[in-house]
Amino acid sequence: MKSAVLPQVRVDPELRAELESMLRKGETLSEFIENTVRSAVQYRRARAEFHARGEAAWQEYSRTGVAHPADQVIGEMRERLKVRRQHLDVPPAKAR
């Protein structure tokens with residue numbers, strides 16, 4: 001598959017100067033823009049998937065009337081986080 005070129009974007013000279021001042025050593029403006037676009041696409045995909053899961057859960061609730069208490073769900077999420085942190089050898093978060 002051939003690579004494609006993104007459209008040029010006109011920006012104020014001040015924004016371009018600020019952007020160039022933020023580039024890492026050896027990083028090009030094109031690399032920065034490509035990485036930023038990739039991050040934005042990944043974020044929007046994750047957001048769309050999150051909304052789709054929420055809509056599916058709502059539809060399931062509407063169909064069945066079965067719900068789970070928030071305390072139960074949060075407890076399960078905390079347990080999953082605890083296990084994941086242990087797997088990654090990350091110290092536990094401080095209690096609030």
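Visitor: In what order do the elements of the chain run from the N terminus on?
Guide: Happy to start there, and please keep in mind that this is a predicted model. The secondary structure comes to three helices and zero strands. Read from the N terminus on, the elements run α-α-α.

Visitor: Is the chain a compact globule or more spread out than one?
Guide: For 96 residues the globule rule gives 12 Å, while the radius of gyration of the chain is 22 Å. That value is well over the rule, so the chain is more spread out than a compact globule.

Visitor: What box do the C-alpha atoms fill along the principal axes?
Guide: Good thing to ask after the radius of gyration. Taken along the principal axes, the box filled by the C-alpha atoms of the chain is roughly 55 × 40 × 30 Å.

Visitor: What percentage of the residues of the chain count as buried?
Guide: A residue counts as buried when its relative accessible area is under 20%. The chain exposes about 9,900 Å², and carbon and sulfur atoms supply 56% of that area. Of its 96 residues, the share that counts as buried is 3%.

Visitor: How far apart are the end C-alpha atoms of α2, and what span should its residues give?
Guide: Helix α2 covers residues 29–64, which makes 36 residues. At 1.5 Å a residue they should span 52 Å. The end C-alpha atoms agree with this, being apart by 52 Å.

Visitor: And how far does helix α3 reach from its first C-alpha to its last?
Guide: Helix α3 takes in residues 70–88, a run of 19 residues. At 1.5 Å a residue, 27 Å is expected. The reach in the model is close to that, at 27 Å.

Visitor: Which residue just after α2 takes a positive phi?
Guide: Let's step just past the end of α2. The phi there is positive, about 75 degrees, and the residue that takes it is Gly 65.

Visitor: Which residue has a positive phi although it is not a glycine?
Guide: Most residues other than glycine have a negative phi. The residue you are after lies in the segment after α3 and counts as exposed, at 70% relative accessibility. Its phi is positive, about 60 degrees, and its name is Asp 89.

Visitor: How many salt bridges does a search of the whole structure find?
Guide: One of them joins the side chains of Glu 20 and Arg 16, and another joins those of Glu 34 and Arg 38. Arg 63 also forms a salt bridge, with Glu 60. The search of the whole structure finds three.

Visitor: What is the N to O distance between Glu 20 and Arg 16?
Guide: These two residues are four apart in helix α1 (residues 13–22), so about one helical turn separates them. Glu 20 counts as partly exposed at 38% relative accessibility, and Arg 16 as partly exposed at 42%. Their side chains meet in a salt bridge with an N to O distance of 2.8 Å.

Visitor: Which residue meets Glu 34 in a salt bridge?
Guide: The partner is four residues away in helix α2, about one helical turn. Glu 34 is partly exposed at 39% relative accessibility, whereas the partner is exposed at 54%. The N to O distance is 2.7 Å, and the partner is Arg 38.

Visitor: How far apart are the closest N and O atoms of Arg 63 and Glu 60?
Guide: Arg 63 and Glu 60 are three residues apart in helix α2, about one helical turn. Arg 63 is exposed, with a relative accessible area of 62%, while Glu 60 is partly exposed at 38%. Their closest N and O atoms are apart by 2.9 Å.

Visitor: How many aromatic pairs are there, and which residues form the pair?
Guide: The count comes to one aromatic pair. The rings are 5.6 Å centre to centre with 40 degrees between the planes, which counts as tilted. The two residues lie three apart in helix α2, about one turn; one is exposed at 51% and the other partly exposed at 36%. They are Trp 58 and Tyr 61.

Visitor: Which residues make the nonpolar surface patch of about 310 Å²?
Guide: One member is found in helix α2, and this member is partly exposed, with a relative accessible area of 39%; its name is Ile 33. Together, the makers of the patch are Leu 6, Ile 33, Val 37 and Val 41.

Notes: Residues are numbered from 1 along each chain as its sequence is written. This is a predicted model: local features need pLDDT of at least 70, side-chain atom pairs count only at pLDDT 80 or more; totals for chains, interfaces and linings use all residues. Side-chain values use heavy atoms; hydrogens and water are left out. Patches are made of residues with over 30% relative accessible area and no salt bridge: like charges are joined within 9 Å, nonpolar side chains (Val, Leu, Ile, Met, Phe, Trp, Tyr) within 5 Å. Accessible areas come from the Shrake-Rupley method with a 1.4 Å probe; for residues, only the protein chains shown count as cover. A salt bridge is a side-chain nitrogen of Lys or Arg within 4 Å of a carboxyl oxygen of Asp or Glu. Buried means under 20% relative accessible area, exposed over 50%, partly exposed in between (1.4 Å probe, protein chains only). The expected span of a helix is 1.5 Å times one less than its number of residues. The radius of gyration is taken over C-alpha atoms; the globule rule is 2.2 Å times the number of residues to the power 0.38. Rings of Phe, Tyr and Trp (its six-membered ring) pair if their centres lie within 6.5 Å; planes under 30 degrees apart count as stacked, over 60 as edge-to-face and the rest as tilted.
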